[in-house]
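Me: I am new to this model. Please take me closely through one part, and then show me how that part fits into its surroundings.

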Amino acid sequence: MADLAPTPNRRDWFAILLLLALLAVVPPIAEAVGQPFAIKVASRVVVFAIAAVGLNLVLGFGGMVSLLHAGLFGVGGYVIGILAWHDFNGEALQLGPFAYAGTGNLLISLPLAVLVSAAAAVLMGMVSLRTNGAYFIMITLAFNQMLYYLGVALQKYGGEDGLQILGDLSIAGLDPSKRLVYFYVSLAALAVVMVLVQRLVGSRFGMVLRASAQNERRVKALGIPPTRYRLTAFALSGGIAGLAGALMASGQQFISPADMSWVRSGDLVVMCVLGGLTTVWGPVLGAALFLLLELGLSSLTNAWQLPFGLIVIGMAVWLHDGLIGAIRRWVQS
Amino acid sequence: MSLPLFLEQTLNGVQLGVMLFLMSAGLTLVFGIMNLINLAHGALYMLGAFIAATVAEKSDSFLLGALVAVLATAAIGALLEVALLRRFYHRSHLDQVLVTFGLILVFNQVTQLIWGAVPMRFNLPDSVAGSIELFPGLNYPVFRLVILGVGLVVGLLLYVMIMRTRIGMWVRAGASNRAMASAIGVNVEMVFIGVFAAGAALAGLAGLMAGPILAVQVGMGEPVLILALVVTVIGGIGSINGALVAAIMIGLIDTFGRVLLSPALGSMVIFLAMAVILAWKPKGLFPVHG
Amino acid sequence: MRRLLLAATMAAGISVSANAADAPIKIGFISTFSGPGGVLGQELLDGFNLGLESTGGTLGGRKVEVIQADDQAKPDVGRQLADKMVESDHVQILTGVNFSNVMLAIAKPALDAGVFVISPNAGQSQQAGKMCHPHYFSTSFQNDVPAEAIGMYMTHKGIKRVYLLAPNYPAGKDSLAGFKMGFKGEVVGEVYTGFTQLDYAAEIAQIRAAKPDAVYFFYPGGLGINFVKQYAQAGMKTEVPLFGPSFSFDQTVLPAMGDAALGAYASAFWNEHYDNAASKKFVTDFEAKYHRLPAPYAAQAYDTARMIDAALKSIGGKIEDKAAFQKALETVKFDSVRGKFRFNTNHYPIQDYYLTEAVKDDKGRVVMNMKELIAADLADPYVQDCHMPAATN
């Protein structure tokens with residue numbers, strides 16, 4: 001890993017607030033110029049931003065390159081989908097001795113989605129954290145593929161075709177498939193996640209995490225077990241990815257194994273690197289850049305992968321710290 | 001399962017494994033020696049297949065196609081190293097992932113623009129297109145035996161070259177301590193270009209060998225990339241014999257997994273195997289020093 | 001009060017269409033243009049554009065604007081594109097979708113927004129049965145049926161023992177389920193392989209050991225190329241004949257399969273040697289323009305464009321009158337490349353299936369030769385689950 005991530009400070013809080021404010025005014029502006037579709041684009045950016053911010057907790061601050069996060073994203077989405085399916089079809093979900101009727105109420109299923117993905121992250125993290133470096137990357141990839149094939153195997157819930165949510169979902173009485181509800185609920189989630197992660201990396205926990213990424217031996221010498229901190233961060237990060245997946249499933253009323261592929265995991269990593277690994281808010285920029293570029297270029301030409309790839313290469317060559325590095329240099333000049 | 005079937009499946013597993021080794025040899029070389037994660041390895045494999053198919057179909061000579069493909073991918077590899085990738089030796093693995101991720105997109109699109117989206121014809125010469133009877137009741141495709149042979153020869157050559165020759169010594173010296181190697185007169189820059197070109201050529205060779213059996217189409221590199229990464233890591237990054245052992249193991253596990261287990265388990269069995277092996281041996285089966 | 005409202009609505013309707021008659025019809029064309037599936041989007045678009053050309057660049061006499069986009073075979077990307085086309089571009093028809101999982105993500109939201117969704121390829125069963133919708137039409141087929149036709153043919157020919165293979169996903173399962181409906185003999189093996197699997201040596205060895213009379217497989221695209229090539233190289237081609245659906249043996253994969261495909265059989269409702277005036281013109285024009293032979297995807301898309309044209313012509317081009325357009329589509333008559341074409345009550349086609357065989361033509365290319373009729377007027381089995389609701393938008 002490169003330099004130790006700098007301690008978060010007041011400028012970071014300012015950046016976070018600014019980003020949230022800018023996002024918050026997208027809907028009124030979109031309505032005003034008669035482009036309500038922009039709100040859906042912004043919602044997609046926000047949801048991926050949540051996943052990317054969660055990933056960056058372990059990636060940028062913990063030095064752990066995880067290719068598991070699309071899988072965890074999918075776990076969260078499938079929790080929402082499966083519970084809604086059982087609710088809609090009037091069939092109870094049998095988990096061993098427990099039978100649960102299912103629900104479309106997001107106030108129940110969203111926290112459940114976060115818990116299940118965090119639990120999955122803990123289980124897989126426990127095994128993965130026995131390795132490091134490139135081996136860690138590969139074992140997280142292996143676990144991601146297992147989750148993906150699990151999704152494909154669940155023929156009852158659509159298998160490769162994906163799971164459609166045909167029933168009604170509600171969050172505090174509101175319909176999350178409605179454009180504005182989806183956007184503002186997701187934005188609220190992003191705000192909560194960014195504040196949580198920012199406080200975490202600025203705390204003693206965060207310091208131990210960042211120090212472990214930099215020099216594990218020294219941390220151990222101080223009598224602190226780095227693995228425990230790493231595993232906790234991994235669990236939180238996984239829960240956040242699951243939250244993002246749950247929100248996406250609620251908003252588009254659909255989740256499929258394609259949302260869990262290793263290519264998606266790679267996309268999330270790219271979003272973090274493009275935005276900048278050293279802050280909490282960098283990945284938000286990275287997600288926006290990645291998704292808007294993809295949408296914009298593919299509207300122009302079917303050969304969009306060529307300019308997209310060239311731009312990514314160019315950014316890798318010239319912007320060493322991603323967009324954040326570029327912004328910092330521009331602010332300082 | 002009858003004995004002849006069991007033997008045939010074992011042979012299938014070993015042959016699949018050797019094909020996987022051929023696909024991973026280039027990756028493990030570059031990764032192990034230069035500590036560079038090259039996700040564009042799958043793209044070089046794809047180019048090898050396309051170039052070989054084009055030349056072979058036009059000239060009616062598989063060997064000519066193979067020769068041109070290997071030289072071309074080596075040249076492309078050298079060009080990539082000099083123009084772009086050498087800046088990334090000292091950057092983090094993440095930055096390497098980013099730039100080679102971009103390369104995948106570019107290569108896939110350029111291939112589609114040049115050759116079109118329709119999968120290409122790549123036929124075998126009649127001499128190797130059929131099967132031979134290995135023993136009564138077992139007909140085996142000749143070309144798969146050729147792949148088996150080529151893979152083992154490549155493995156042997158690589159091992160001998162790296163461990164037993166002067167060039168190999170330079171390569172290992174440059175890998176472990178660049179400054180020191182430079183100081184004693186090793187031209188590290190040339191060595192690295194050579195290693196990368198060799199890695200690319202190996203990827204191209206794997207592509208042209210697999211092309212006649214598999215579909216030659218845009219995006220054919222990505223599934224192979226994943227398998228190559230799995231093999232490289234299980235074997236131990238940087239270890240050629242580790243990659244061979246891991247590849248054959250994976251080939252056997254995958255083959256028997258598919259015929260004995262349910263479809264869902266069969267698809268994920270190699271990833272299960274990787275997770276189990278890494279949990280037991282976190283640095284792979286034959287870890288090279290540090 | 002009610003009569004006043006009715007009069008007002010009618011007046012509004014008339015004034016809208018008077019202005020709208022000049023506005024171009026907007027069609028959203030979402031398909032897969034990148035990655036391994038890219039060849040299919042290209043086929044569909046080429047066929048659709050040729051179909052538009054054949055109607056003089058207009059549909060129902062009105063100008064057309066086709067907006068295309070790449071779904072990358074990812075359902076959520078397809079969904080985003082559909083949202084864009086519906087809300088930003090205000091398309092009236094969405095078509096082009098190739099893969100079932102993308103269609104499932106797109107269909108309901110687009111239909112809820114009042115857009116007509118016409119599938120030129122995706123053949124999932126949901127929209128044929130429980131989820132049928134007044135504005136959803138398929139000009140291709142439903143996944144179970146081509147397989148059922150092969151099953152019927154094999155039963156008719158007295159083939160007793162069959163080995164089945166497909167990838168482990170809904171279209172694969174649908175296909176084998178359809179086959180078993182038409183086949184009355186013994187299934188000696190039913191294998192579902194991984195969707196990203198490249199090498200079939202192990203499966204081929206199992207087939208050889210089971211000694212079936214024939215093999216029926218469903219492997220789309222590159223998977224099919226892999227399987228057929230490897231099957232031939234293992235010497236199985238002459239031992240156990242191969243049967244597949246038409247899209248495992250069409251011009252998007254036959255060039256790559258080459259001689260390995262010779263002697264295999266497929267069921268098709270159309271192929272490049274179909275003896276019918278519209279089809280002959282289509283193949284000639286396609287080859288002249290695109291320098292290759294068309295596959296059924298292109299034929300389906302060609303038919304789609306011409307079908308929309310015929311339906312619109314019968315209602316004076318007024319696509320804005322959705323009820324009329326729906327009725328026009330349901331009863332449409334046009335020169336299909338398939339000869340006769342009509343929709344079932346669930347808006348999926350009822351069509352004839354023929355046996356085809358892979359042979360070499362006089363130019364040395366591998367093509368499918370039309371042989372005998374297997375079954376006429378074959379409908380899908382899900383139509384009984386469809387209780388077509390009345391349109392609400």
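Reply: A word on terms first: domain bounds here come from an automatic or database domain assignment. The model itself is predicted. The part to look at is chain C, starting with its domains.

That assignment splits chain C into two. Domain 1 covers 2–141 + 275–343. Domain 2 covers 144–268 + 352–378. Each domain is therefore written as two stretches of sequence, with the bounds coming from the assignment. The C-alpha centres of domain 1 of chain C and domain 2 of chain C lie 30 Å apart.

Now the contact between these two domains. Domain 1 of chain C puts in 15 residues, and domain 2 of chain C also puts in 15 residues. On the side of domain 1 of chain C that touches domain 2 of chain C, two elements give two or more residues: helix H2 (38–54) and helix H11 (296–314) of chain C. H2(C) gives the most to that side, with three residues. By class, that side of domain 1 of chain C divides into nine nonpolar, four polar and two charged residues.

Next, go into the stretch 144–268 of domain 2. Helix H7 of chain C spans residues 201–210. H7(C) is mostly covered, with eight of its ten residues buried. The buried residues are Ala201(C), Ala202(C), Glu203(C), Ile204(C), Ala205(C), Gln206(C), Ile207(C) and Arg208(C). Glu203(C) and Arg208(C) count as charged, and they are among the buried residues of H7(C).

What do the buried residues of H7(C) pack against? Part of the answer lies in chain C: strand S7 (161–167), strand S8 (186–193), strand S9 (214–217) and helix H8 (221–233). The rest lies in chain B: helix H1 (3–34) and helix H11 (240–260). So take care with the letters, because helices are numbered from the N terminus. H11 of chain B spans 240–260, whereas H11 of chain C spans 296–314. Just after H7(C) comes Lys211(C). The phi of Lys211(C) is positive, near 50°.

Move on to strand S11 of chain C, residues 265–268. Tyr265(C) and Ser267(C) point one way from S11(C). Ala266(C) and Ala268(C) point the other way. All four are buried.

Which strands pair with S11(C)? One is strand S10 (residues 242–245) of chain C, which runs parallel to S11(C) and is joined to S11(C) by three bridges. Here Gly244(C) stands opposite Ala266(C). Another is strand S13 (residues 349–360) of chain C, which runs antiparallel to S11(C) and is joined to S11(C) by four bridges. There, Leu355(C) in S13(C) is the bridge partner of Ser267(C).

Now step outside chain C. Its contact with chain A takes 23 residues from chain C and 21 residues from chain A. On the chain C side, strand S3 (62–70), helix H3 (75–88) and helix H4 (100–112) each supply at least two residues. H3(C) has the largest share, eight residues. By class, the side of chain C that touches chain A divides into eight nonpolar, seven polar and eight charged residues.

Chain A also meets chain B. There, 35 residues of chain B are in contact with 32 residues of chain A. On the chain B side, helix H4 (93–115), helix H10 (221–235) and helix H12 (263–280) each supply at least two residues. H4(B) gives the most, with 15 residues. By class, this side of chain B has 25 nonpolar, seven polar and three charged residues.

Chain A has 14 helices and four strands. Its radius of gyration is 20 Å, close to the 20 Å that the globule rule gives for 333 residues, so chain A is as compact as a globular protein of that length. Of those 333 residues, 56% count as buried.

Last comes the core. In soluble globular proteins, nonpolar side chains tend to be buried together. The largest nonpolar core here has 353 residues. Ile50(A), Ala244(A), Val230(B), Val231(B) and Met274(B) touch the most other members. Helix H3 (residues 37–59) of chain A gives the most to this core, with 16 residues. Both domains of chain C take part, each with at least three residues. Look at Met274(B) for detail: leaving out residues up to four places away in sequence, Met274(B) touches Met138(A), Ile139(A), Ala142(A), Val230(B) and Ile234(B).

How values were computed
Residues are numbered from 1 along each chain as its sequence is written. Chains are lettered from A and ligands numbered from 1 in the order in which they are written. This is a predicted model: local features need pLDDT of at least 70, side-chain atom pairs count only at pLDDT 80 or more; totals for chains, interfaces and linings use all residues. Two residues are in contact if their C-beta atoms, placed from the backbone, lie within 7 Å. The radius of gyration is taken over C-alpha atoms; the globule rule is 2.2 Å times the number of residues to the power 0.38. A residue is buried if 20 or more other C-beta atoms lie within 10 Å of its own, exposed if 12 or fewer, and partly exposed in between; C-beta atoms are placed from the backbone. A nonpolar core is a set of buried Ala, Val, Leu, Ile, Met, Phe, Trp, Tyr and Cys residues joined through C-beta atoms within 7 Å. Two strands pair if DSSP finds at least two bridges between them.
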